[in-house]
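Work through the exercises below with the sequence and the model side by side. Try each task before reading its solution.

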Amino acid sequence: PENMIVSTGFAVVRPLELIASRFLGYALQSTAFIGGVVANSTGVSYPAINPTTLVCLPVGYPADKKEQQQIAAFLDWKTGQIDALMARKKELLEKLKEKRLAVITQAVTRGLNPAAPLCDSGIPWLGKVPKHWEVIPLGFLMTMSGGLTPNMANSEYWGGDIPWVTPKDMKQPRISDSIDHVTEKALEETGLAVIPMDTVLVVVRGMILAHSFPTALTEQPVTINQDMKALRAGEELEVDYLFWCLTGFGRVFSALAQESAHGTRKMETETIKKFAFPVPPRDEQRAIVRRLHEEMKRLDDLSLAAESTIARLTEYRTALITAATTGKIDVRGVNIPDLAP
């Protein structure tokens, strides 16, 4: 855009006549310049560099402006190729996420036998399910408990060995630790309950519910805050099956979240309890879980490979920019194709 407004967290750099703007843009992305910014920044939570210090950081450049433009054109060409590769890998990651969700949803709504007779579940979003399955309100299949936040001003409650899980920890499908921890004293004096392992945790309050329904399975005892719920599977459910179902139905749950008085999103307890839940026989639940573990391992391996490629391309991109803008490589004789559309 010709005109824009930036916040105070940005610095606007306008090149003088002696330096080409595109060259300067690349020079400011080099590790040499970024290292100077990092070394001269102050603050812990939000590091920042003073504008007066920023403008004193050195930037090397060829005296010949045409050579600057040649370097910029070379980097336009090469970074364009790298960016295109990264875009394809990121697109693959998105497709793998969709594939993951589709595989889970198919397994927990249709089962593993494509020839199994189906019947209408009576639930519009669920549609048909295998005829021998049941559809039961979730409240009859599990018990649910909540958490709380001990007094933050009481240092005797914090820094212990007991994980205290909050929505910010719900970034992995398995929970064995958390960012914050509480002490035994917090358990004794506040009524904070210990959630046993093999419990499904869900987020029930927060803006994240506008687009997702974070779900995780505990691998060791934990505690939770008031924005979470812990679901313990009853006799009719395998806990892993409960986890996969809640993961597969994440978009449905997200759509059921309501806006609270504070403008955030919340999932009412009654909404969870009344949720129509497909229930195969226990042996079939175990078979579904085994299949999903196998499929998720395959998809996760593909995702990790794509993420590794993106990381390597990002490092190469930065190294190339640094080498070209600091004179480590000579691009003056390189035949650069016309990049105009």
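A residue counts as buried if its relative accessible area is under 20%, as exposed if that area is over 50%, and as partly exposed in between. The model used here is predicted.

**Exercise 1. A covered helix**

Find helix α6 and determine which of its residues are buried.

Solution.
Step 1. Locate the element: helix α6 takes in residues 239–248.
Step 2. Apply the cut-off of under 20% relative accessible area. The residues of α6 that meet it are Val239, Tyr241, Leu242, Phe243, Trp244, Cys245, Leu246 and Gly248.
Step 3. Eight of the ten residues in α6 are buried, and the helix is mostly covered.

**Exercise 2. Two ring pairs**

Classify the ring pair of Trp125 and Phe249, then the pair of Phe213 and Phe253.

Solution.
Step 1. A pair of aromatic rings is described by the distance of the centres and the angle of the planes. Planes under 30 degrees apart count as stacked, and planes over 60 degrees apart as edge-to-face.
Step 2. The structure holds ten aromatic pairs. In one of them, Trp125 and Phe249, the centres are 5.0 Å apart and the planes stand at 70 degrees, an edge-to-face arrangement.
Step 3. Place both residues in the chain. Trp125 belongs to the loop between β1 and β2, and Phe249 to the loop between α6 and α7, so their pair ties together parts 124 residues apart in sequence.
Step 4. Compare their surroundings. Trp125 has a relative accessible area of 35% and is partly exposed, whereas Phe249, at 1%, is buried.
Step 5. Turn to Phe213 and Phe253. Their ring centres are 4.5 Å apart and their planes are at 10 degrees, so this pair is stacked. Phe213 sits in the loop between β8 and β9 and Phe253 in helix α7, 40 residues apart. Both Phe213 and Phe253 are buried.
Step 6. Put the pairs together. Ring pairs link Trp125, Phe213, Tyr241, Phe249, Phe253, Phe275 and Phe277 into a cluster.

**Exercise 3. Two helices and a leucine**

How are helices α4 and α9 oriented to each other, parallel or antiparallel?

Solution.
Step 1. Helix α4 covers residues 65–110, and its axis is 10 Å from that of α9, at an angle of about 170 degrees.
Step 2. Angles over 145 degrees count as roughly antiparallel, so α4 is roughly antiparallel to α9.
Step 3. Sort the residues of this contact: 25 are nonpolar, five polar and ten charged.
Step 4. Look at one residue of α9 (282–325), namely Leu299. With a relative accessibility of 3%, Leu299 is buried. Leaving out residues up to four places away in sequence, Leu299 touches Leu96, Lys99 and Arg100.

**Exercise 4. A three-stranded sheet**

Which strands stand at the edges of the sheet β7-β5-β10?

Solution.
Step 1. The sheet is open, and its pairing is mixed.
Step 2. β7 (180–182) and β10 (223–224) each have a single partner strand, so they stand at the edges, with one side of each lacking a neighbour in the sheet.
Step 3. Strand β5 (residues 158–165) runs parallel to β10 and is joined to it by two bridges. Trp164 has Thr223 of β10 as its bridge partner.
Step 4. Move on to Thr166, in the loop between β5 and β6. Thr166 is buried, at 6% relative accessibility. Its contacts, not counting residues up to four places away in sequence, are Asn225 and Met228.

Definitions and conventions
Residues numbered from 1 in each chain as written. Predicted model: local features only at pLDDT ≥ 70, side-chain atom pairs only at ≥ 80, totals over all residues. Heavy atoms only, no water. Pairing = 2+ DSSP bridges. Helix = DSSP H or I, 4+ residues; strand = E, 2+ residues; numbered from the N terminus. Buried < 20%, exposed > 50% of the residue type's maximum accessible area, 1.4 Å probe, protein only. Contact = heavy atoms within 4.5 Å. Axes fitted to C-alpha atoms, helices over the stretch in contact; angles between N-to-C directions. Parallel < 35°, antiparallel > 145°, perpendicular 65-115°, else oblique. Nonpolar A, V, L, I, M, F, W, Y, C, P; charged D, E, K, R; others polar. Phe/Tyr/Trp six-rings, centres within 6.5 Å; stacked < 30°, edge-to-face > 60°.
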